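Biologist: I would like to learn how to read pockets and strands in a model. Can we start with the structure on screen?

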Amino acid sequence: MNIELRVNEQDFRLVVEPDERLLDVLRERLGLIGTKEGCGEGECGACTILMDGKAVNSCLVLAAQAVGHELMTIEGVGDRLHPHPLQKSFVELGAVQCGFCTPGMILSAKALLDRNLQPSEEEIKEAMSGNLCRCTGYDKIVKAVQRAAEEVAR
Amino acid sequence: MSEAVVGTRIEREDGWGKVMGETHFPADVNRPGELYGAVLRSPHAHAHIRSVNVRAAAALPGVAGVFTAENVPHNAHGVLFRDQQVLVSERVRMVGDPIAAVVAETEKVARDAIARIEVDYQILPGLFDPEEAMKPDAPALHPDSHGSSNILYHLPIRRGDVQAGWAKADVVVEQEYRTQMLDHAFLQPEAVVAYVDERGHLVVKVATQYAHYDRGEIAHALGLKYSQVRVKTMAVGGAFGGREDISLQIIAGLMAWKTGKPVKMENTRTESFLSHSKRHPMRLYYKTGATREGKLVALEAKIIGDAGAYSSWSPNVLRKAAVHATGPYEIPNVQIDSYAVLTNNPYTGAMRAFGAAQPVLAYESQMDLLAEALGLSPLEMRLRNIFQVGSVTATGQMLTSSVGMTKCLQALTPYLATKGDAS
């Protein structure tokens with residue numbers, strides 16, 4: 001089927017299978033490999049992207065369901081010259097270990113900060129609860145989100 | 001190294017790539033013209049394979065090759081013993097054992113083809129209890145590699161005279177402890193890309209903890225020279241010991257070598273659980289004695305680790321469990337016996353602490369029970385027995401420096417007092 005997707009403020013015309021997952025379209029057809037697959041069933045959050053500003057598991061969304069929505073992957077969050085405060089704080093506070101959960105973590109955190117610039121620790125934990133880190137770096141991840149919130153608010 | 005580094009924050013050099021989503025894990029690598037591989041795994045824990053029929057799979061359009069045990073030049077691998085087959089020829093020893101592999105134009109075709117392979121299994125009774133598997137009349141699971149017994153490894157440690165120790169003991173605590181099997185569940189499922197480069201060398205891109213070992217095992221299994229194989233370690237999405245054994249490296253390498261095409265393979269989460277090692281469940285039988293003054297005088301410990309279907313690192317893990325069996329406490333009379341036992345459970349290997357984690361449950365629980373029996377605080381019980389400079393361990397090592405545990409416990413004392421635990 002023919003679809004149009006808007007990803008990171010760019011429009012793409014694509015031919016996809018009706019049962020193709022958004023995750024696979026992003027990774028395989030658009031080469032946006034920053035979106036990861038850890039479980040394929042919405043448990044781990046490694047495939048988190050933003051859909052109209054909300055964090056969603058792209059393994060549970062069909063590509064066709066994403067038509068008409070504004071999508072953002074980690075590649076659209078920032079770049080090395082203009083990193084998002086979250087990207088900066090994750091590196092500076094050591095919230096990155098193996099890095100496989102990191103893109104999803106940053107996108108879930110971004111969805112939070114885009115609507116709440118003064119999140120409490122509890123609100124941060126709740127917003128990130130769909131994202132697993134197996135290196136168990138949660139403490140630093142929470143601190144990185146707090147620091148980024150302060151920087152964005154400034 | 002400069003002491004100025006300690007206590008400061010160092011930015012990891014790979015951090016920026018990871019926060020930008022630029023970092024390549026093996027599943028993020030693609031080669032032009034690559035094929036896709038998939039593995040058929042056994043649903044049975046113990047079985048004899050009567051036959052494998054791959055005709056329907058091979059006939060499926062888009063399939064470039066089907067591989068079984070007979071296509072593997074040297075069908076064995078393993079970190080300590082080569083007791084694990086690349087593709088099982090006759091005897092399945094655990095759920096998840098690989099039977100056949102398909103390489104095809106797409107993942108979908110490869111997985112469809114796998115479903116068309118017919119395996120005729122003669123299901124055998126499984127050995128799932130390591131203490132049953134230890135018995136002399138238990139059927140041997142690895143007669144060729146490990147002889148007539150399933151006891152893969154036994155380490156006895158003796159110090160002093162335990163009988164004399166029991167004679168001095170005013171209290172004795174005897175307990176059995178069990179720990180469970182765990183999966184590392186590293187977040188990035190195994191993936192690999194293998195191809196033949198412009199020099200005719202096999203290149204295997206993989207997330208591994210042990211690239212030089214992978215290289216040797218791939219070369220051995222395929223009958224290649226060491227110099228013909230190159231293993232490139234990509235970003236590793238968590239490992240925790242679970243990437244120390246071979247996973248898909250040899251199968252992907254074999255299919256790339258035979259087809260001449262790049263081959264990509266990715267485990268689903270389910271396949272990941274089915275195929276890599278686990279943490280050893282251990283049974284720990286502890287008998288510990290102390291005097292009225294709270295000094296430990298004797299320990300008898302029997303530790304049985306479930307090695308599962310293949311040896312992997314089991315001897316080393318059970319050695320470490322034995323060496324750590326007293327905990328950080330000086331005990332003059334010690335008798336420790338540690339065993340690794342083969343069963344039909346998932347194979348167990350390296351995982352964080354490598355055998356040192358499981359005995360903690362036993363020896364620290366014993367300390368608490370002894371403290372209670374003696375009317376001492378748990379902290380005091382430990383302070384009276386903890387290793388000092390000059391202590392001799394159960395294995396006969398005299399500790400000569402860097403023994404900071406007393407200081408460590410003393411530093412904790414005010415904290416424990418505020419919690420009411422250091423009474």
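Modeller: Yes, and keep in mind that this is a predicted model. Start at helix 1 of chain A: Gly31(A) follows this helix, with a positive phi near 70°.

Biologist: Which residues of helix 1 of chain A are buried?

Modeller: Buried means under 20% relative accessible area. Leu22(A), Leu23(A), Val25(A), Leu26(A) and Arg27(A) are buried. The buried residues of this helix pack against strands 1, 2, 3 and 5 of chain A.

Biologist: How do I read a pocket, and what is the volume of the largest pocket?

Modeller: Rolling a probe the size of a water molecule over the atoms shows where empty space is left. The largest pocket holds about 1100 Å³. Its lining counts 34 residues; Arg21(A), Asp24(A), Glu28(A), Glu107(B) and Lys108(B) lie nearest the centre. Two or more lining residues come from each of helix 1 of chain A and strand 1, helix 3 and strand 12 of chain B. Helix 1 of chain A gives the most, with four. By class, 19 lining residues are charged, eight nonpolar and seven polar.

Biologist: Strand 12 of chain B lines that pocket. Which strand do four bridges join to strand 12?

Modeller: Strand 9 of chain B, and the two run antiparallel. Five bridges also join strand 9 to strand 10 of chain B, again antiparallel. Take Val193(B): its bridge partner in strand 12 is Lys264(B), and in strand 10 Lys205(B). In the hairpin of strands 9 and 10, Gly200(B) takes a positive phi near 85°.

Biologist: Why is strand 9 of chain B largely enclosed by the rest of the structure?

Modeller: Because five of its six residues are buried.

Notes:
Residues numbered from 1 in each chain as written. Chains lettered and ligands numbered in written order. Predicted model: local features only at pLDDT ≥ 70, side-chain atom pairs only at ≥ 80, totals over all residues. Heavy atoms only, no water. Buried < 20%, exposed > 50% of the residue type's maximum accessible area, 1.4 Å probe, protein only. Pairing = 2+ DSSP bridges. Contact = heavy atoms within 4.5 Å. 1 Å grid on protein atoms, 1.4 Å probe; cavity = no way out; pocket = protein on both sides within 12 Å on 5 of 7 lines; lining within 4 Å. Points joined across faces, edges and corners; volume = space filled by probe spheres on them. Nonpolar A, V, L, I, M, F, W, Y, C, P; charged D, E, K, R; others polar.
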